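Trainee: I have a new model on my screen. Where do I start reading?
Mentor: Let us take a loop, the cysteines and the cores in turn.

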Amino acid sequence: MKQLLIDVPLGEAAIGRLQTMPGLRLVMADPITDESRALPASLLRETNILFCSRPPTNFDELAALEWIQLCSSGFEQLLGLNLPERKVRATNAQGVFDVPIAEWCVAMMINLVRDLRGMIHNQERGIWDRGPQFQREIRGLTVGFWGYGGLARQTARLCRDALGLKIHALTRQGVKPRPESYCVPGTGDPEGRLPDAVFTVDQKKEFLSHLDFLVLAVPLDSSTRGMIGEAELQALPAKAFLLNPARGPLVQEQALLRALRQGWIAGAALDAHFQYPLPPEHPLW
């Protein structure tokens, strides 16, 4: 009998399916926060499988742990836990959030191009302004994906099929099928057929120079931390918008602030930040 400790909010239907699995004993923690916290040692010592957002601060108490399943695609919260030495298998939730994140990307693209913030400010102030910036279309524009995993593929599907954008992708080894990666049925681009143009890293400047939108879609590791700096931001056209639904530190914060203040790019939408929570006095507010 394996003990599964669930430390994330989970729907009744999912819990019901787990309860029917033979050889599995479910234990539910109270998932009160997204931050790490200590859990009762007596609970952890008998746990073989942990389903969580972040591991508990007293992780060493998990003496019988065999497998940790994250509810996020990102996995940097596991770094430094010596899982290989402990022979603990780790898996993430790759593909589970591709649909909502793709919808966020599309919403931000339309909002940025049509200056939704300006429209709302005008409404609040009772200003009647029929300026052309509130009527721009995104059909026919070019969106570039730095990285072409599940997040990028579903966003590309929406952008091309529903909105008529041109799709460019920059990857290390080209765009290939992903038959073994989870994809919500009917979504994404599992065959890798959607991009109109594919670039490799040595073609970075050419890739950036033709974009209306740059979407960051790579994981955060030592090779990608700070990969977007002054050179990359200045290589974008001044009309371009940056979207970061991945991880904040992919972008050099001070370079982004200079780009926005000095007009190197037209704007940015950030679903990931440099610190959590973002301080009220932070200039990115």
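Mentor: Helices and strands are DSSP runs, numbered from the N terminus. This is a predicted model. Valine 96 sits in the loop between β5 (89-91) and α4 (98-113).

Trainee: Is valine 96 buried, partly exposed or exposed?
Mentor: Partly exposed, with a relative accessible area of 42%. Val96 also joins Phe97 and Tyr182 in a nonpolar patch on the surface. Together they have about 280 Å² of accessible area.

Trainee: What is a disulfide?
Mentor: A covalent bond between the sulfur atoms of two cysteines.

Trainee: How many disulfides does a search of the whole structure find?
Mentor: Zero. Take cysteine 71: the nearest cysteine sulfur belongs to cysteine 52, 7.2 Å away. The cut-off for a disulfide is 2.5 Å. Cysteine 71 is partly exposed, at 22% relative accessible area.

Trainee: Why is cysteine 183 without a bond to cysteine 105?
Mentor: Because their sulfurs are 15 Å apart, too far for a bond. Cysteine 105 holds the closest cysteine sulfur to that of cysteine 183. Cysteine 183 is partly exposed too, with 27% relative accessibility.

Trainee: Which residues have the most contacts inside the largest nonpolar core?
Mentor: Trp146, Leu214, Leu216 and Leu233, in a core of 26 residues. At least two core residues come from each of α7 (204-209), β9 (213-216), α8 (230-235) and α9 (253-262). The largest share, three residues, is from α9. Another core, of 24 residues, lies apart from this one. Cys159, Ile167, Ala169 and Leu194 are among its members.

Trainee: What does leucine 216 touch?
Mentor: Leaving out residues up to four places away in sequence, its contacts include Trp146, Met227, Leu242 and Val251.

Note on methods: Residues are numbered from 1 along each chain as its sequence is written. This is a predicted model: local features need pLDDT of at least 70, side-chain atom pairs count only at pLDDT 80 or more; totals for chains, interfaces and linings use all residues. Side-chain values use heavy atoms; hydrogens and water are left out. Patches are made of residues with over 30% relative accessible area and no salt bridge: like charges are joined within 9 Å, nonpolar side chains (Val, Leu, Ile, Met, Phe, Trp, Tyr) within 5 Å. Accessible areas come from the Shrake-Rupley method with a 1.4 Å probe; for residues, only the protein chains shown count as cover. A salt bridge is a side-chain nitrogen of Lys or Arg within 4 Å of a carboxyl oxygen of Asp or Glu. Helices (H or I, at least four residues) and strands (E, at least two) are DSSP runs, numbered from the N terminus. Buried means under 20% relative accessible area, exposed over 50%, partly exposed in between (1.4 Å probe, protein chains only). A nonpolar core is a set of buried Ala, Val, Leu, Ile, Met, Phe, Trp, Tyr and Cys residues joined through side-chain atoms within 4.5 Å. Contact means heavy atoms within 4.5 Å.
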